[in-house]
Amino acid sequence: MAKTMILCLLWLSIALVLTGAYDPDLLQDFCVADDTSADSVKVNGFPCKDPKMVKASDFLFQGLRNEGSTNNIFGSLVTAGNVEKFAGVNTLGISMNRVDFAPGGVNPPHIHPRATEIAFVVEGTILAGFITTNNTLFSQKLEKGDVFVFPRGLVHFQYNIGASSAMTITAFNSQLPGAQVLPFTLFGSTPPLPNDVLSKAFRISEEVVKKISSKFAPN
């Protein structure tokens, strides 16, 4: 398992280096994000740590080591390795996630507005797909070792169709790809979308809208 993780991380890193980053090119060797100093120079909205204070550990992220808890309504958990969690990727135009799935778990339809995503299946069997702007669905059954790409800005999903747990490692050509999970975006926004807008958009009654919204209301 550990060997598989190392190989997939290496493969994804090489792939993203070869394809180039989407974020603006950096004008220095690195800019380790520093959220402790209000006076630091800001690049892409994230201040740079003084290069003299940078350590090797700033370029290390161990947050993808452990399995995430899938005890939730979707039966999945995304563990992010973006600039908000991994300071060393600031300005480098790259980030990674780990996604754990219980049997039957789903990473629900969502969008990354700032990045293309590439996914590597470490364990399990996944149904993955995306929908184009002309409403065409492209979906594929993925087995361990398979790779699938999701174009930037398109609605996409992953669904564990196997009998056991599954896990993917995903990479992005952005330090902060962003994510809009459609159920929460539409039915759990703050302030909420007007019920009559959702009612007309989905051709359902406002009572049904209220019932759905109650499942995604902000805590």
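Begin by selecting E207 and K210, whose side chains meet in a salt bridge with an N to O distance of 3.7 Å. The model on display is a predicted one. Both residues belong to helix 4 (residues 206-216), and because they are three residues apart there, about one helical turn separates them. Colour the pair by accessibility: E207 is exposed, with a relative accessible area of 55%, whereas K210 counts as partly exposed at 43%.

Keep the salt bridges in view for the next stops. The whole structure contains five of them, including the one just visited.

Select K141 and E143. These two residues form a salt bridge in which the closest N and O atoms are 3.6 Å apart. K141 is partly exposed, with a relative accessible area of 47%, and E143 is likewise partly exposed, at 34%.

Proceed to R98 and D100. Here the closest N and O atoms of the salt bridge are 3.0 Å apart. Are R98 and D100 buried or exposed? The cut-off for a buried residue is a relative accessible area under 20%. R98 has a relative accessibility of 5%, so R98 counts as buried; D100, at 2%, therefore counts as buried too.

Next, select strand 6 (residues 117-123). Six of its seven residues are buried, so the strand is largely enclosed by the rest of the structure. To see what pairs with strand 6, add strand 9 (residues 147-150), which runs antiparallel to strand 6 and is joined to it by four bridges. Within this pairing, centre the view on A119, which stands opposite F148 of strand 9.

Now add strand 11 (residues 166-172). Strand 6 pairs with strand 11 as well, in the antiparallel sense and over six bridges. Select E117 to find one of these contacts: its bridge partner in strand 11 is F172.

The last stop is a covalent link. How many disulfides does the model contain? The count comes to one. Select C31 and C48, which this disulfide joins at an S to S distance of 1.9 Å. C31 lies in the loop between helix 1 (2-19) and strand 1 (42-43), and C48 lies in the loop between strand 2 (46-47) and strand 3 (76-81), so the pair ties together parts that are 17 residues apart in sequence. Rotate the view to look along the link: the angle about the S-S bond is -100°, and the link of C31 and C48 is left-handed. Both cysteines, C31 and C48, are buried.

Notes. Residues are numbered from 1 along each chain as its sequence is written. This is a predicted model: local features need pLDDT of at least 70, side-chain atom pairs count only at pLDDT 80 or more; totals for chains, interfaces and linings use all residues. Side-chain values use heavy atoms; hydrogens and water are left out. Buried means under 20% relative accessible area, exposed over 50%, partly exposed in between (1.4 Å probe, protein chains only). Helices (H or I, at least four residues) and strands (E, at least two) are DSSP runs, numbered from the N terminus. Two strands pair if DSSP finds at least two bridges between them. A disulfide is a pair of cysteine sulfur atoms within 2.5 Å. A salt bridge is a side-chain nitrogen of Lys or Arg within 4 Å of a carboxyl oxygen of Asp or Glu.
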